[in-house]
Amino acid sequence: MDTITLGPDLAADDDAFEAYRDLYSSGTDVDRLPGPLRTEVVAHRLPRMLVFDRQLAGVSHARGPRRVARDGFDHVTLHLVLAGRMMLAVPDAVRAVEAGSLALFDLTRPQRTWTTGARIVTAAIARDRLDPAVLDGLDLHGLVLGPREAGLSIDFLRSLAAHAAGLTPHLAGVATESLCLLLGATLASLRDRAAPVPPPVAAGRARARATAFIDRHLGDRDLSVATIAAGIGVSRSVLYRLFEPAGGVARFVQQRRVAQLRRSLSQPDEHRTIDELATAAGFTSPSHAGRLFRDAVGVPPGEYRRSARGTAEPDRAERRRLTRPDPAGVPPLGFVTWHGELM
């Protein structure tokens with residue numbers, strides 16, 4: 001169990017905001033809103049899941065189309081508002097999330113959240129921990145659920161945030177599995193009650209097949225649009241349309257290669273060199289891999305690997321260092337490696 005804490009110990013609001021923005025720079029664009037500022041975070045890393053307990057005021061978080069296309073995040077997040085109110089915006093909808101309610105997001109799609117004052121518990125879950133049959137055809141992006149629809153998931157997430165710091169590795173794994181099962185059951189119940197589903201269900205299934213095909217053939221440097229289209233039985237024009245929101249087929253393949261390299265670098269028992277891992281992921285050259293990796297992640301592969309393999313929990317000074325800007329302009333590593341484990 002690893003923990004990162006950003007507390008109310010920075011005297012100046014500007015310092016507190018910069019530390020918070022730097023901490024989240026690997027996953028979202030953070031802006032300051034008018035009015036009082038509060039940016040307190042306790043974050044826990046569980047197997048294939050991150051849990052954040054935050055007290056926030058005067059900040060917004062956004063993942064625009066360019067960031068979504070660039071970083072290749074594909075996990076699912078849950079935001080439980082314990083006190084106050086959080087606002088969310090997704091394409092075609094703006095909603096308020098009141099205290100006691102849960103909001104769900106798909107990280108492959110643009111989104112924005114903001115609050116003038118709230119305590120929010122967030123769980124970021126690797127998509128492969130959720131049953132694909134539950135997610136297929138259900139539009140969870142921007143979905144807001146109350147205790148009536150998701151009471152068990154809400155209660156479990158609240159309890160998990162309270163006890164996460166004391167979990168053993170075994171209990172942490174059980175906690176991840178339990179929340180995923182509860183969320184899956186909640187979403188399955190919504191479908192059974194004929195909750196609205198998006199029209200392009202067939203397109204979603206075709207994209208899922210294409211993604212699986214791409215992942216199986218990432219090591220093939222000659223992987224092409226024609227190969228993928230033939231492999232899943234669609235035309236090239238259909239394939240182009242499926243991946244247009246992600247910036248195109250080539251960009252999506254690039255993102256998946258970066259994600260595979262990221263996962264490999266995070267594994268403590270992976271002893272191949274970075275060049276060998278880049279080749280296994282299908283990059284044309286190690287330099288090409290290094291450039292794309294740094295563009296997506298913010299740090300070079302070697303620095304990412306060193307950070308990912310650190311096992312000791314940072315002391316107070318180290319925690320503060322993780323949230324400070326690097327003199328050379330390199331983003332902090334706090335959540336960079338953590339997010340990588342969800343891909």
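Tutor: Let's start with the vocabulary: helices (H or I, at least four residues) and strands (E, at least two) are DSSP runs, numbered from the N terminus. By that reckoning, the chain has 14 helices and ten strands. Keep in mind that this is a predicted model, where local features need pLDDT of at least 70 and side-chain atom pairs count only at pLDDT 80 or more, while totals for chains, interfaces and linings use all residues. Residues are numbered from 1 along each chain as its sequence is written, and side-chain values use heavy atoms, with hydrogens and water left out.

Student: Okay, backbone angles to begin with. What is the phi of Arg48, and in which loop is Arg48 found?

Tutor: Phi of Arg48 is near 60 degrees, a positive value in a residue other than glycine. Arg48 is found in the loop between β3 (38–46) and β4 (49–57). Asp92 is another one to look at: phi is positive there too, about 75 degrees, although Asp92 is not a glycine. Asp92 belongs to the loop between β6 and β7 (93–98).

Student: How do I read burial, and is Asp92 buried or exposed?

Tutor: Go by relative accessible area: under 20% is buried, over 50% is exposed, and in between is partly exposed (1.4 Å probe, protein chains only). Asp92, at 85%, counts as exposed, while Arg48, at 22%, is partly exposed. Over the chain, 49% of the 343 residues count as buried.

Student: Helices next. How many residues of α9 are buried, and what span does α9 reach?

Tutor: The general idea for span is that you expect 1.5 Å times one less than the number of residues. Helix α9 (residues 249–266) has 18 residues and reaches 26 Å from its first C-alpha to its last, close to the expected 26 Å. As for burial, 13 of the 18 residues of α9 are buried, so α9 is largely enclosed by the rest of the structure.

Student: At what angle do α9 and α11 pack?

Tutor: Two packed helices are described by the angle between their axes and the distance between the axes. Here axes are lines fitted to C-alpha atoms, for helices over the stretch in contact, and angles run from 0 to 180 degrees between N-to-C directions. For α9 and α11 (residues 286–297), the angle is about 90 degrees and the axes are 10 Å apart. Angles under 35 degrees count as roughly parallel, over 145 as roughly antiparallel, 65 to 115 as roughly perpendicular and the rest as oblique. The two helices are therefore roughly perpendicular to each other.

Student: Which residues of α9 and α11 meet?

Tutor: Contact means heavy atoms within 4.5 Å. From α9 you get Gln254, Val258, Leu261, Arg262 and Leu265, and they meet Ala289, Leu292, Phe293, Ala296 and Val297 of α11. Those residues divide into eight nonpolar, one polar and one charged. For those classes, Ala, Val, Leu, Ile, Met, Phe, Trp, Tyr, Cys and Pro count as nonpolar, Asp, Glu, Lys and Arg as charged, and the others, Gly among them, as polar. The spacing has a general background: an α-helix has 3.6 residues a turn, so residues three or four places apart point the same way.

Student: And how many salt bridges does the count come to?

Tutor: A salt bridge is a side-chain nitrogen of Lys or Arg within 4 Å of a carboxyl oxygen of Asp or Glu. By this rule the count comes to 13. One of them joins the side chains of Asp14 and Arg32, at 2.9 Å from N to O. Asp14 lies in helix α1 (residues 13–23) and Arg32 in strand β2 (residues 29–32), so this pair ties together parts that are 18 residues apart in sequence. Asp14 is exposed at 53%, whereas Arg32 is partly exposed at 35%.

Student: Where do Asp74 and Arg256 sit, and are they buried or exposed?

Tutor: Their closest N and O atoms are 3.0 Å apart, in a salt bridge. Asp74 is in the loop between α2 (65–71) and β6 (76–90) and Arg256 is in helix α9, 182 residues apart, so to speak a link between distant parts of the chain. Both Asp74 and Arg256 are buried.

Student: What about Arg127 and Asp106?

Tutor: Their side chains meet in a salt bridge at 2.6 Å, N to O. Arg127 is in the loop between β9 (111–125) and α3, and Asp106 is in strand β8 (residues 102–106), 21 residues apart. Arg127 is partly exposed at 25%, and Asp106 is buried at 12%.
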